[in-house]
Amino acid sequence: MTANAQSKRLLILASKLGYQTRSFAEAARKLGVEVLFGTDRCNQLEDPWADGALALHFEHPERAAKKIVPHASSKPVSGVLALGDRPTLTAAYAARALGLPYNSPESVAACRSKLRQRTTLRAAGLPVPEFFSFALSEPLDVVLPRVKFPCVIKPLSLAASQGVIRANDAGEFIGAVTRVRALLESPEIRVTREPALDRLLVERYIPGTEVAVEALLQRGRLRVLAIFDKPDPLEGPFFEETIYVTPSRLPAEVQSSIAGCAEHTVRALRLTEGPLHAEFRVNENGPWVIEVSARPIGGLCSRALRFGPDKIFLEELLVRHAVGLEGSDLPRESCAAGVMMIPVPQSGILERVEGTEEAAATPGVEEAHITARLHDFIAAWPEGSSYLGFIFARGATPGEVEATLRESHKKLRFVLGPRLPVEHPAGRHLSAGG
Ligand code: ADP
């Protein structure tokens, strides 16, 4: 346990309860930091460690923040962390009310809506694709003349590439809009009550190499923790992630232009404090901002990054920063590291996973975790947003790490079966009678 840690208390806000949240809570526990936990999925608590969580509605962030404040009176909260995009605005209002260092609600709101983010960044002169948004109620023959191909369409407030589709011509555009409309009208998405589920953003497709930047803002200063290359081509029509490897193999001057672009982007958005995850594409015109989120990298991916002599994971670094403990400035280890977000080959019920032990035993692999639950329905992209699991590797070079991840993944086999139609009692009655 770290000196002073015992008096610290961290507010963790998260929509999804599961492995990512547990990973952060465990990092806090390891430091002796008490966790106050807030979620909007209290009816789905599946882990005993989350008992006592505050039940919040992240779609009403100011109200949710007000509900948090009295819980900080008996014992003060020293810091806040939002996991995933959805709770970031609640975190910002709560931090403002509790006097904690965090991004302002205004800056987080500008990130949360992909349309507002584009508008803010374009006004600040940042390199963003041409874009416009339209209401799903508008007839497509009115929308189509405005579209320049190839384009990418996306919902305004979803994440993890869910509902993001490339279209190269009018026919593909109509097909893509129909598909995303059905996704946005599905009960799973409607229940989130995310704003603007009735609109889509249309952007010019930006060709080029994509990287992810993981960074930490400290009193307005941006520290790039890692630039991850994404060695698999992300050319669409869907944009499921796979391999992330750091350090980047891009030339040093390209990496510094990405870091410079990230710096301008956070300044334009007025973000000042806490974790940041961003995607950029780089081509002959330099870096382009694809998206910036005021939160850490998703899933278990934080484990790809270790810092300092004790090789603490990113989760611990971020907990230390949030509650003001020493150590958030530790340097990343010098070896190459990577993670594979295990893609979903097709939608279906996960019946069986084979080869996990062999995949984990691949030399260079540190861990291989299957996070999808057996017998659950797993949706492939673009309707899906959860990976089957994560493979972590470390090695001397990024090339070696990439090869290790591919080798390990080849040993895994996922058996996905069709979703059985749910028989409605009324239907059974009718067919029995007819
Ligand atoms: P999300 O927040 O759902 O991840 P993004 O806007 O980050 O949505 O898009 C997801 C992925 O789709 C990006 O990482 C990128 O690979 C691809 N993408 C999104 N917009 C564009 C674009 N304008 N040009 C090229 N690729 C894009």
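I began by fixing my terms: Ala, Val, Leu, Ile, Met, Phe, Trp, Tyr, Cys and Pro count as nonpolar, Asp, Glu, Lys and Arg as charged, and the others, Gly among them, as polar. I kept in mind throughout that this is a predicted model.

**Entry on the ligand shell.** With those classes in hand, I sorted the residues of the shell around the ligand and found 10 nonpolar, two polar and seven charged. I then looked up which of the 19 residues around the ligand come nearest, and these are Lys 114, Lys 154, Glu 203, Glu 210 and Glu 291. Turning to the strands, I noted that β6 (151–155), β8 (199–204) and β13 (286–293) each supply at least two residues of this shell.

**Entry on polar atoms at the ligand.** I looked up the side chain of Glu 203 and found that one of its N or O atoms is 2.8 Å from a nitrogen atom of the ligand. At Ile 206 the partner is a polar backbone atom, which is 2.8 Å from a nitrogen atom of the ligand. For Ala 160, I recorded a backbone N or O atom that lies 3.3 Å from an oxygen atom of the ligand. I also checked how much of the ligand is covered: on its own the ligand has 540 Å² of accessible area, and the protein covers 98% of that.

**Entry on Thr 39.** I placed Thr 39 in strand β2, which spans residues 34–39. Is Thr 39 buried or exposed? I wrote down buried, because its relative accessibility is 0% and the cut-off for buried is under 20%. Leaving aside residues up to four places away in sequence, I listed what Thr 39 touches, namely Ala 14, Ser 15, Leu 17, Ala 53, Leu 54, Ala 55, Leu 56 and Phe 58.

Conventions:
Residues numbered from 1 in each chain as written. Predicted model: local features only at pLDDT ≥ 70, side-chain atom pairs only at ≥ 80, totals over all residues. Heavy atoms only, no water. Near = heavy atom within 4 Å. Polar contact = N/O pair within 3.5 Å; in protein donor to acceptor, adjacent residues only side chain to side chain. Areas by Shrake-Rupley, 256 points an atom, 1.4 Å probe, with all protein chains shown as cover. Helix = DSSP H or I, 4+ residues; strand = E, 2+ residues; numbered from the N terminus. Buried < 20%, exposed > 50% of the residue type's maximum accessible area, 1.4 Å probe, protein only. Contact = heavy atoms within 4.5 Å.
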